[in-house]
Amino acid sequence: MKGLSTLKPEWFSWRYQVQYPLLARLPLKLGYRLAGYSSRYWQARHLGGLELVKAQMQLTFPDASEAQIQQWLTEYAQMIEYESLDTWHLNQPKNIQHLVTLQGFESIENARQQGRRILLTGGHIGRFWLAGPAIYLRGYQVGTLTRDNTEVNTQHLHQAEYQFRRWKLQRLKASLGGTFLVEGDLVRPLYQALDDELITLLFDVPYTQNPHQGVTVSFLNGTIKVPVGIYKIAKKTQAWIAPFYMRNRQDGGVIAEFKPLLDPNNYNEEECMNLLTQQLSAEIERAPSQWWLWAALPLLRRA
């Protein structure tokens with residue numbers, strides 16, 4: 001077996017070249033049910049990597065039992081498996097229609113009919129990328145700015161993982177239909193696209209080159225420092241901010257829940273960002289397993 005392993009090319013992965021393509025061919029409910037089972041194997045193999053996630057959950061929810069924490073970790077691993085399988089369905093309109101429910105999106109449609117510019121934002125809750133293709137199917141192009149620069153393997157990922165991420169971003173770009181920029185690109189095209197597209201800017205950790213820029217806000221049981229780019233862009237372009245968060249359905253699908261629109265003229269930057277982080281805190285408290293940034297929480301605390 002060791003000899004066979006050494007013959008396997010670096011780009012090959014059973015997970016990406018065999019497992020997911022097979023699951024994607026199955027009926028949706030069955031495919032996601034099997035992906036949920038396989039997440040137990042993934043969780044067992046990555047116990048070390050989940051230790052930081054577990055530690056941050058314990059610090060944030062000190063009254064949670066060990067059994068509850070373990071259940072959250074199981075659901076966290078399941079989310080990772082589901083999100084990977086989602087990639088095979090991004091460019092399948094019928095599957096997206098079955099997988100994604102848009103809740104409260106009518107307020108955005110009404111605002112667009114009035115000529116309002118819209119900035120979509122969220123906090124890395126659940127399988128958030130699925131919202132974009134579903135919105136595109138409603139007739140709205142979705143632009144975005146992502147930090148996942150895959151032109152160079154700067155994170156020194158395994159070749160199979162690196163190639164998968166590159167392919168995933170290509171599928172995302174095609175399924176959103178709008179301006180797709182990577183961190184480091186000029187953002188002017190996003191400003192110009194606001195008249196025609198819904199632009200997505202996700203809440204994230206501060207940029208490493210400017211770790212102390214931002215505002216300090218309440219978050220979970222402490223405070224964090226967050227960038228204010230969302231507010232500044234909204235203010236500059238006179239765009240309304242549309243927060244959205246993902247919730248799981250029982251059948252493996254998701255609900256993209258859109259909160260009331262925010263007019264940046266009604267807030268200063270601290271008030272606006274505090275409102276967004278309070279919304280995010282509530283979503284994390286409702287479903288701790290669905291937040292992707294647990295491992296980055298110490299960075300947010302230190303910023």
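In this predicted model, helices H2 (residues 14-25) and H5 (residues 66-86) pack with their axes 10 Å apart, crossing at an angle of about 80°. That value falls in the 65 to 115 degree window, so H2 counts as roughly perpendicular to H5. On the H2 side, the contact is built from Arg15, Gln19, Tyr20, Leu23 and Ala24; H5 brings in Ile80, Glu81, Ser84 and Leu85. Sorted by class, the H2 contact with H5 comes out as five nonpolar, two polar and two charged residues.

Then there is the sheet. Seven strands make it up, and it is an open one, running in the order S1-S9-S8-S2-S5-S3-S4 with mixed pairing. The edges belong to strand S1 (100-103) and strand S4 (177-182). Each of these two has a single partner strand, so one side of each goes without a neighbour in the sheet. Going from one strand to the next, the twist averages 25°.

Strands of a sheet pair through backbone hydrogen bonds, in either a parallel or an antiparallel sense. For strand S3 (residues 142-146) and strand S5 (residues 198-200), the sense is parallel, and the pairing extends over three bridges. Within this pair, Thr144 has Thr200 of S5 as its bridge partner. A helix also comes into play here: H9 (residues 159-176) packs on the sheet and touches both S3 and S4. The direction of H9 makes about 145° with that of S4, the strand at one of the sheet's edges.

Terms used
Residues numbered from 1 in each chain as written. Predicted model: local features only at pLDDT ≥ 70, side-chain atom pairs only at ≥ 80, totals over all residues. Heavy atoms only, no water. Axes fitted to C-alpha atoms, helices over the stretch in contact; angles between N-to-C directions. Helix = DSSP H or I, 4+ residues; strand = E, 2+ residues; numbered from the N terminus. Parallel < 35°, antiparallel > 145°, perpendicular 65-115°, else oblique. Contact = heavy atoms within 4.5 Å. Nonpolar A, V, L, I, M, F, W, Y, C, P; charged D, E, K, R; others polar. Pairing = 2+ DSSP bridges.
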